[in-house]
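Student: I should like to learn how to read the features of a protein model. May we work through an example together?

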Amino acid sequence: MTKPLQQNAQGLVLSYLAIRRAIGAIGLMLPLLLGPVGLLAFGIGIQDNMSSYYHTALRDVFVGSMCAIGIFLFCYRGYDWIEGWTANLGCISALGIALCPLDAHSDPIHQASFVGYVHSASGGVFFLTLAFYSLFHFPSAEREKREIAPHEDHRNFVYRTSGVLIIVSLTAMGAYLLLLPKDWKRAFNDYHFLFWAEWVAVWSFSAAWLTKGRAMLADIAVDILALPSQFLGKHQ
């Protein structure tokens, strides 16, 4: 490979790493800004779900974060057309969440407007898209898709665990919305169940994207995760 081609390839890799880190960083910060910071700095109580912050003073934080994730996903092409379309679907769903607000004081399953239903559907697609990345795209064993990084097996463990946690969170939210009796749902709602379940899902995809982006804190976490196996390997 000639030097210009090597430089172009290196620049492409660095830009992809930057996009991954940006998506992961937004996912890491969003629940903190909406929940604890919103409560302590602005006196905004914990909402029923993250989408409900659209109807508070933190609307711009929520909408801006989702638009940014959508734009970054649009710029993220991946290794083949499947990954490219996964990114496109994630982009469309993220923008759907941002631009089609959930109806105020409503159950996500029972909306009063078409826009509200678009928001709910976009939310489900968005999380499923990110789970697909964590479970299938990031830990790929195909040679042309592999990116050499330290402790690859442990990184794959992080990706798959993140994907599983997203699916578990979505399943829990679906069971809450569709299966629980009204009295039980009201009791869960008193503790903002949807908000915390969404927090788990958002931080799960954040962990996967930060790890794939080789973010410093993520690399340190992977190194710590790999310590037990390294220690055992030296004493066998």
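Tutor: The turns that follow take up burial, cysteines and the nonpolar core of this predicted model.

Student: Is Ser65 buried or exposed, and in which helix does Ser65 lie?

Tutor: Buried means under 20% relative accessible area. Ser65 has 13% relative accessibility, so Ser65 counts as buried. This serine lies in helix α2, which spans residues 59-75. Leaving out residues up to four places away in sequence, Ser65 touches Ile26, Leu30 and Asp60.

Student: How many disulfides does the count come to?

Tutor: A disulfide is a covalent bond between the sulfur atoms of two cysteines. Here the count comes to zero, taking a pair of cysteine sulfur atoms within 2.5 Å as the rule. Cys75, for instance, is in no disulfide, and the nearest cysteine sulfur, that of Cys91, is 8.4 Å away. Cys75 is partly exposed, with a relative accessible area of 42%, whereas Cys100 is buried at 18%.

Student: Which residues touch the most other members of the largest nonpolar core?

Tutor: A nonpolar core is a set of buried residues of certain kinds, joined through side-chain atoms. The largest one here has 38 residues, and Met66, Phe126, Phe205 and Trp209 touch the most other members. Helices α1, α2, α3, α4, α5 and α7 each supply at least two residues of this core; the largest share, seven residues, comes from α7.

Student: With which residues is Phe126 in contact?

Tutor: Setting aside neighbours within four places in sequence, Phe126 contacts Met66, Ile69, Leu73, Gly90, Ser93, Ala94, Ile97 and Phe205. Apart from the largest core lies another of five residues, including Met173, Tyr176, Leu177 and Leu194.

Methods
Residues numbered from 1 in each chain as written. Predicted model: local features only at pLDDT ≥ 70, side-chain atom pairs only at ≥ 80, totals over all residues. Heavy atoms only, no water. Helix = DSSP H or I, 4+ residues; strand = E, 2+ residues; numbered from the N terminus. Buried < 20%, exposed > 50% of the residue type's maximum accessible area, 1.4 Å probe, protein only. Contact = heavy atoms within 4.5 Å. Core = buried A, V, L, I, M, F, W, Y, C linked by side-chain atoms within 4.5 Å.
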